[in-house]
Amino acid sequence: MEESVDFGVLCLLPPLVAVVLALITKQTLLSLFIAIWLGSTMINGWNPVIGFVKIVSDYLIPSIASKWNAGLLVLVTMAGGAVAVLRVTGSAQAFASCITKSVNDSKKGQIVTWLSAFLFSYTEPCLILGTIMRPITDAVKISRAKLAYILDSMGCNLAAFSPICSYGPFITGLIAAQFAAANIEGSEWGIWWRMLPFNLYGFFAMATVLLVAILKLDFGPMYTEEQRAQETGKLMADGVKPLVAEKKQELPETYRPTIWNFAVPMLCLFCGVFGTIFWTGGVGENGILGSFGKGDITLAICMGFMFSAMGAGLVGTCTGLFSPVAAFNHFVDGMAELIFVPFILISAWSISSIAGAMHVGGYLAGVVELYLTPKLVPALVFVFGALISFSTGSSWGVWSIMMPIALPMAFAFDLSIPFVVGAVISGGLFGDQCSPISDTTVMSSTGASCNHIVHVETQLPYGLTVGFAAFCGFLFGGWTGMYWASIPVAGLVLLLALAVLHKISAALRARAA
């Protein structure tokens, strides 16, 4: 395989084809497969036959072989099983019937979903939160596209602010490597903490969810989705299918789920997650916070799903709803229901491998270096980081590429290191949230039971708006050296943009009516 070939600007073709085809055909898996085939063909001397054969041997199988990727596949499959057992025991219905007494409109439903995400700040809450909140958001007529948007916004963005998940140690490791390379003494965790206010995209992406909910500032395709849901009760447009087919569970007429149907599985979930984190992270040696940094988060979530399913199965068995064997069968059936999602994830990772082999990140990073001047460093680092992350669907990959470029320039030009690191992190988060080939985006569509392309189309205007506001903040801070002022500047730009776009959407809908 000729991976050393310099494709130049042509290296952007496979990820662009994946995105464009997905938006045109509405077929995520087909679009990804064609893009992988194109990339494999280009890498293998433009031979489409060899390229087709190499899809499996060089990309699909190696993607599964990665420990991280394999763990995520198991996690998603376990999630399917846990969700199925929760569904047949009426766990979500029990929670919904309890909370909808106070959460009785769309605004409250969105705010409660936003707040609930912080309970899962130790990891990305896309799957867990979607399963718990979907009956509630359905009851108050929140569209599936809006739920998917909330899950995605509170996924990677929230995890990047959390010191008790894998994101923090990974980022600090990259910072420490650059300090060591430059022979500079400094605390990588100190830089991480000081960077948090300058993670403009992550902060304002989460804040936008709350602003949109409170002020009802929907716009673009999301405005249409929400208006239809509120007026007709249709959470998805006619003929639109969710990423994973949703099954409605009818409980026996004589069976009345109680809050215990929800509380026991959730207690088991948290015990499984935190117990595994403390065990694998050596809580006795490293302390509570240290165990989160050293623990196996993926294993912990898998155990959480298994414990939750066992708790739900125990409740169902003890209340006479089904037998233990039936509970296990429900778990297995649930895993089978999500079989489509692992294929999409494997394909998304394969296109990321294609992008890596064709040096997409290196090409865009080279463009950055050509046009950077000291005052523009933070803004352009953010822009090109966003482009790379959108093309590859990976925030961690972007951080690995951009941190060795951005930090040496921050040292050389005497720029604020936390501010520049914030630009790097923000750029990666944009693509992690908005790219149709990001695993976070796929899991958000799954958790919300939303059509994947509809989720991408309705979320992207919000992501671009927040991205523009973040760009203005980084441009202002880099140009003036008034780094703290970049936060209110970005916030002001965001508020104005949201208000204007909402008015435009309302006017267009009124004109169409």
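Buried means under 20% relative accessible area, exposed means over 50%, and partly exposed lies in between (1.4 Å probe, protein chains only). This is a predicted model, in which local features need pLDDT of at least 70 and side-chain atom pairs count only at pLDDT 80 or more, while totals for chains, interfaces and linings use all residues. Residues are numbered from 1 along each chain as its sequence is written, and side-chain values use heavy atoms, with hydrogens and water left out.

**Stop 1: a surface patch**

Select Ile-34, which is found in helix 2. Ile-34 has a relative accessible area of 33%, so it is partly exposed. Add Leu-30, Phe-33, Trp-37 and Phe-52; with Ile-34 they form a nonpolar patch on the surface, with about 420 Å² of accessible area together. Patches are made of residues with over 30% relative accessible area and no salt bridge, with nonpolar side chains (Val, Leu, Ile, Met, Phe, Trp, Tyr) joined within 5 Å and like charges within 9 Å. Areas come from the Shrake-Rupley method with a 1.4 Å probe, and for residues only the protein chains shown count as cover. Helix 2 (residues 28-43) contributes four residues, the most of any element. Helices here are DSSP runs (H or I, at least four residues), numbered from the N terminus.

**Stop 2: the cores**

Next select Tyr-201, Phe-305, Trp-399 and Val-421, which touch the most other members of the largest nonpolar core, a set of 139 residues. A nonpolar core is a set of buried Ala, Val, Leu, Ile, Met, Phe, Trp, Tyr and Cys residues joined through side-chain atoms within 4.5 Å. Centre on Phe-305: beyond neighbours within four places in sequence, Phe-305 is in contact (heavy atoms within 4.5 Å) with Leu-75, Met-78, Ala-79, Ala-82, Leu-127, Ile-128 and Leu-269. A second, separate core has five residues, including Val-88, Leu-321, Phe-322 and Ala-327.

**Stop 3: helix 4**

Select residues 67-88, which make up helix 4. From first C-alpha to last, the 22 residues reach 32 Å, close to the 32 Å expected at 1.5 Å a residue; the expected span is 1.5 Å times one less than the number of residues. Of the 22 residues in helix 4, 16 are buried. Gly-90 follows helix 4 and has a positive phi, near 75 degrees.

**Stop 4: two buried hydroxyl residues**

Thr-113 lies in helix 6 (residues 106-116). Its relative accessible area is 0%, so Thr-113 is buried. Leaving out residues up to four places away in sequence, Thr-113 touches Leu-129, Met-133, Thr-137, Leu-147 and Ile-150.

Go on to Ser-505 in helix 25 (residues 486-512). Ser-505 counts as buried because its relative accessibility is 11%. Apart from neighbours within four places in sequence, Ser-505 is in contact with Phe-219, Gly-220 and Tyr-223.

**Stop 5: salt bridges**

The whole structure holds six salt bridges, each being a side-chain nitrogen of Lys or Arg within 4 Å of a carboxyl oxygen of Asp or Glu. Select Asp-138 and Arg-144, whose closest N and O atoms are 2.8 Å apart; both residues are buried.

Then show Lys-146 with Asp-218, a salt bridge at 2.8 Å, N to O. Asp-218 is in the loop between helix 12 (200-215) and helix 13 (221-232) and Lys-146 is in helix 8 (residues 144-153), so the pair ties together parts 72 residues apart in sequence. Add Glu-226, which meets Lys-146 in a salt bridge at 3.6 Å, N to O. Lys-146 lies in helix 8 and Glu-226 in helix 13, so this pair ties together parts 80 residues apart in sequence. Lys-146, Asp-218 and Glu-226 are thus displayed as a network of salt bridges.

Technical notes
Helices (H or I, at least four residues) and strands (E, at least two) are DSSP runs, numbered from the N terminus.
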